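Dear colleague,

Please find below the structure that I am handing over to you, together with its sequence. My findings are set out after it.

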Amino acid sequence: MSNPAAALTLVPITLVLVLLVSAVAKLKARASTASAVRLLRVPGFLKPEWVAAVLPPAEIVLALGMLSPWLPLARVAAVAAVMLFAAYWVVIARAMTFDPRPSCGCFGQIGDQRVTAKTLWRNTVLLAGAAVFGWMTWAQSVTVFSFFSDATTREWLLLLGAAYLVLVAWFVLSPPSQVRQRSSRRRKNRPADAHDHADGSGATATAVDQSEPTEDEYVRVPIPDAILLDPERDPHTLLQLAAQQPVLLVFITCGCPSTYETWRRLPEWAGRLPQVRVLGVETYQLGDLDIAGVRERLFYDPAGKAFQALTMPGTSSAILLGADRLVAGGPVLGNDEIEEFVAEIEEALTQAAPADPVPADAPHAQVSDTV
């Protein structure tokens with residue numbers, strides 16, 4: 001096959017796979033997709049629920065159109081692909097100007113869904129691929145189907161070789177497995193142990209150890225200067241919130257179903273940690289969630305400044321602030337990780353209780369020595 005467009009056939013095939021994976025992820029999390037539409041502030045006439053219902057089937061239809069053996073239909077699909085990926089590019093470029101930027105795994109569990117420069121570059125590559133497919137169909141009169149039907153043995157071997165290269169690159173360059181990440185996070189982000197941060201008299205140390213930390217040692221840092229608003233919208237600094245007792249802050253940044261599950265667990269986590277003040281913090285105001293035990297402990301992070309100052313990894317995530325003006329543990333990401341984090345704090349408090357009884361006139365001494 002002498003047509004030069006044959007060498008680029010992998011480009012539309014890649015776009016088809018991206019569209020299909022994206023559509024399946026959105027179909028599995030329609031409410032999350034609607035939440036993402038709100039966070040990305042698309043024009044008002046594009047109702048989030050409508051977009052969440054229409055977009056996944058549209059992506060599937062577009063993917064099938066790109067595989068069409070009929071050149072006129074393939075050309076229409078090429079134009080539609082350019083328009084769709086251009087729209088995605090504009091939405092992300094605009095979201096780059098938001099403060100805070102959306103940070104939400106709203107399209108399933110695939111990839112990093114935070115809005116960063118990497119996201120914009122990814123969309124740029126996808127848009128360029130759509131433009132290449134347009135050139136193939138309109139200038140070269142080539143479709144994906146025509147390539148496969150007319151491909152020579154050499155071209156098939158080149159295609160298989162490219163697929164092999166992609167597979168090997170994925171195995172070599174893919175991030176560590178989730179299990180390995182969780183194991184590392186439990187070691188490095190665990191709640192600080194009582195004996196690591198107390199002097200001989202039992203008082204909590206306020207200075208950070210300047211010695212070189214080991215790989216698995218949790219390094220405590222000062223609580224940053226940031227403000228949260230309480231349910232009455234009165235401001236409180238992070239240091240003020242943790243002045244009397246440790247505070248577990250649980251952050252969300254969107255209205256995904258997983259974040260509703262976070263708020264449902266919030267009262268349970270608070271009940272398991274009576275010595276710790278457990279607060280929910282939202283950077284995206286959800287309004288009245290009508291979940292028992294949540295409203296009175298739900299704080300707001302205006303412009304996401306506390307989220308950024310604490311370098312929270314995403315939604316849902318948690319961090320423990322010590323009563324000694326230092327971060328005592330975390331951050332951890334995900335409801336399951338928060339559940340394990342709460343269990344570790346609970347265990348640390350239980351182990352410290354017999355060795356360090358709390359005087360009646362000092363109800364917070366035990367907790368500050370522990371975390």
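The paragraphs below describe the aromatic pairs, two arginine side chains placed over rings, a nonpolar surface patch and one glutamate. Please note that this is a predicted model.

Aromatic pairs

A search of the whole structure returns 2 aromatic pairs. One of them joins F85 and Y88 in an edge-to-face arrangement, with 6.2 Å from centre to centre and 80° between the planes. Both residues belong to helix α4, and because they are 3 residues apart there, about one helical turn separates them. Their surroundings can be described as follows. F85 has a relative accessibility of 3%, so it counts as buried, the cut-off being under 20%. Y88, at 23%, counts as partly exposed, because this value lies between the 20% limit for buried residues and the 50% limit for exposed ones.

The pair formed by F251 and F307 is likewise edge-to-face. Here the ring centres are 5.8 Å apart and the planes make an angle of 70°. This pair links distant parts of the chain: F251 is in strand β3 (residues 247-252), F307 is in helix α11 (residues 305-309), and their positions lie 56 residues apart in the numbering. Both F251 and F307 are buried.

Arginines over aromatic rings

Two arginines may be inspected next. R41 lies over the face of F98, at 3.8 Å from the ring centre. R75 lies over the face of W138, and in this case the distance to the ring centre is 5.0 Å.

Nonpolar surface patch

Which residues make the nonpolar surface patch? They are W70, L73 and V76, and the patch covers about 340 Å². V76 is located in helix α4, which spans residues 71-95. The relative accessible area of V76 is 54%, so this residue is exposed, the cut-off being over 50%.

A glutamate in helix α12

Is E337 buried or exposed? Its relative accessible area is 4%, so E337 is buried. E337 is found in helix α12, which comprises residues 335-355. S316 is 21 residues away from E337 along the chain, and the C-alpha atoms of these two residues are separated by 9.5 Å.

When viewing the model, you may wish to begin with helix α4, since this helix holds the F85 and Y88 pair as well as V76 of the patch.

With kind regards

How values were computed
Residues numbered from 1 in each chain as written. Heavy atoms only, no water. Patch = residues over 30% accessible without salt bridge, like charges linked within 9 Å, V, L, I, M, F, W, Y side chains within 5 Å. Areas by Shrake-Rupley, 256 points an atom, 1.4 Å probe, with all protein chains shown as cover. Salt bridge = Lys/Arg side-chain N within 4 Å of Asp/Glu carboxyl O. Helix = DSSP H or I, 4+ residues; strand = E, 2+ residues; numbered from the N terminus. Buried < 20%, exposed > 50% of the residue type's maximum accessible area, 1.4 Å probe, protein only. Phe/Tyr/Trp six-rings, centres within 6.5 Å; stacked < 30°, edge-to-face > 60°. Lys NZ or Arg CZ within 6 Å of the ring centre and 35° of its normal.
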